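Please open the model in your viewer and keep a selection panel at hand. The tour moves from one selection to the next and says what is there at each stop.

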Amino acid sequence: MYKVQTFKDPANMTPHEEKHVPYIEAPDKVKKGEYFKVTIRMGKGIDHPMEPGHFIQYVDLYANYYHLGRVNFTPESKAEATLTIKLEESCTLRAFELCNLHGQWESVHEIIVEE
Ligand SMILES: [Fe+2]
């Protein structure tokens, strides 16, 4: 059955979780309408393998349910991406990555937008 995975306990992640959960680096607060950078790494502490038989295929970034962008990877890529975005209101940034062997993984980052 298809299901989106994430870590079970953020204080005690397994190596499998650390490699797969997309780690979102972004400010906690930004100004409305001003560009800022969001970096997404797979994963945190342990890099996910990037080889022909096992690699991260893409990562998607959403503001709540609004799609902001997708970065596609090849086995020759490093599994990280930086997007420059702007927001109009506070939201939950949500990243989804797809591993060709281990399925889809999600993480979130709350962000406050100030006037
Ligand atoms: Fe994997």
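What follows is a walk through a predicted model, beginning with the metal site and going on to the strands and the side-chain contacts.

**The iron ion**

Select the iron ion and then the protein atoms that serve as its donors, which are NE2 of H20, NE2 of H48, NE2 of H54, SG of C99 and ND1 of H102, lying 2.1 to 2.3 Å from the ion. If you follow these donor residues along the sequence, their spacing reads H-x27-H-x5-H-x44-C-x2-H. Two of them are worth colouring separately: H48 belongs to the loop between β3 and β4 and H102 to the loop between β7 and β8, so this pair ties together parts that are 54 residues apart in sequence. With a surface display switched on, compare these two donors, for H48 is buried at a relative accessible area of 4%, whereas H102 counts as partly exposed at 28%.

**The five-stranded sheet**

Switch to a cartoon view and colour by strand. In what order do the strands of the open sheet of 5 strands lie? The order is β2-β8-β7-β4-β5, and the pairing is mixed. The edges are held by β2 and β5, each of which has a single partner strand, so that one side of each is left without a neighbour in the sheet. From one strand to the next, the twist averages 30 degrees.

Now show β4 and β7 by themselves: these strands run antiparallel and are joined by 7 bridges. To find the register between them, select Y58 and look across to L98 in β7, which stands opposite.

**Strands β1, β3 and β6**

Next, select β3 together with its antiparallel partners. Strand β1, residues 23-25, runs antiparallel to β3 and is joined to it by 3 bridges, and here I24 stands opposite I40. Between β3 and β6 there are 6 bridges, again with an antiparallel run, and K37 can be found opposite T84 of β6.

**Aromatic contacts**

Hide the cartoon and show the aromatic side chains. A search of the whole structure finds 1 aromatic pair, and the pair consists of Y62 and F96, which meet edge-to-face with 5.7 Å from centre to centre and 85 degrees between the planes. Y62 lies in strand β4 (residues 56-63) and F96 in strand β7 (residues 91-99), so the contact ties together parts that are 34 residues apart in sequence. Are the two partners buried or exposed? Y62 is partly exposed, with a relative accessible area of 22%, while F96 is buried at 9%.

Then return to Y58, the residue that stands opposite L98, and add R70 to the selection: the charged end of R70 sits over the ring of Y58, at 3.6 Å from the centre of that ring.

**Salt bridges**

For the last part of the tour, display the charged side chains. How many salt bridges does a search of the whole structure find? The search finds 7, and three of them are visited here one after another.

Begin with E114 and K29, whose closest N and O atoms are 3.8 Å apart. E114 is in strand β8 (residues 103-114) and K29 in strand β2 (residues 29-31), so this salt bridge ties together parts that are 85 residues apart in sequence. The glutamate of this pair, E114, is partly exposed, with a relative accessible area of 34%.

Move on to E80 and R41, whose side chains meet in a salt bridge of 2.8 Å from N to O. Because E80 lies in strand β6 (residues 80-85) and R41 in strand β3 (residues 36-41), the pair ties together parts that are 39 residues apart in sequence. Both residues can be checked on the surface display, where E80 counts as partly exposed at 30% relative accessibility and R41 is partly exposed at 26%.

The third stop is K78 with D47, a salt bridge in which the closest N and O atoms are 3.5 Å apart. Here K78 lies in the loop between β5 (66-72) and β6, and D47 in the loop between β3 and β4, so the pair ties together parts that are 31 residues apart in sequence. D47 is exposed, with a relative accessible area of 52%. To finish, select E25, R41 and E80 at once, since salt bridges that share partners join these residues into one network.

Definitions and conventions. Residues are numbered from 1 along each chain as its sequence is written. This is a predicted model: local features need pLDDT of at least 70, side-chain atom pairs count only at pLDDT 80 or more; totals for chains, interfaces and linings use all residues. Side-chain values use heavy atoms; hydrogens and water are left out. Rings of Phe, Tyr and Trp (its six-membered ring) pair if their centres lie within 6.5 Å; planes under 30 degrees apart count as stacked, over 60 as edge-to-face and the rest as tilted. Helices (H or I, at least four residues) and strands (E, at least two) are DSSP runs, numbered from the N terminus. Buried means under 20% relative accessible area, exposed over 50%, partly exposed in between (1.4 Å probe, protein chains only). A charge sits over a ring if NZ of Lys or CZ of Arg is within 6 Å of the ring centre and within 35 degrees of the ring normal. A salt bridge is a side-chain nitrogen of Lys or Arg within 4 Å of a carboxyl oxygen of Asp or Glu. Donors are N, O and S atoms within 2.8 Å of the metal (3.2 Å for Na, K and Ca); water is not among the atoms, so sites may look incomplete. Two strands pair if DSSP finds at least two bridges between them. Axes are lines fitted to C-alpha atoms, for helices over the stretch in contact, and angles run from 0 to 180 degrees between N-to-C directions.
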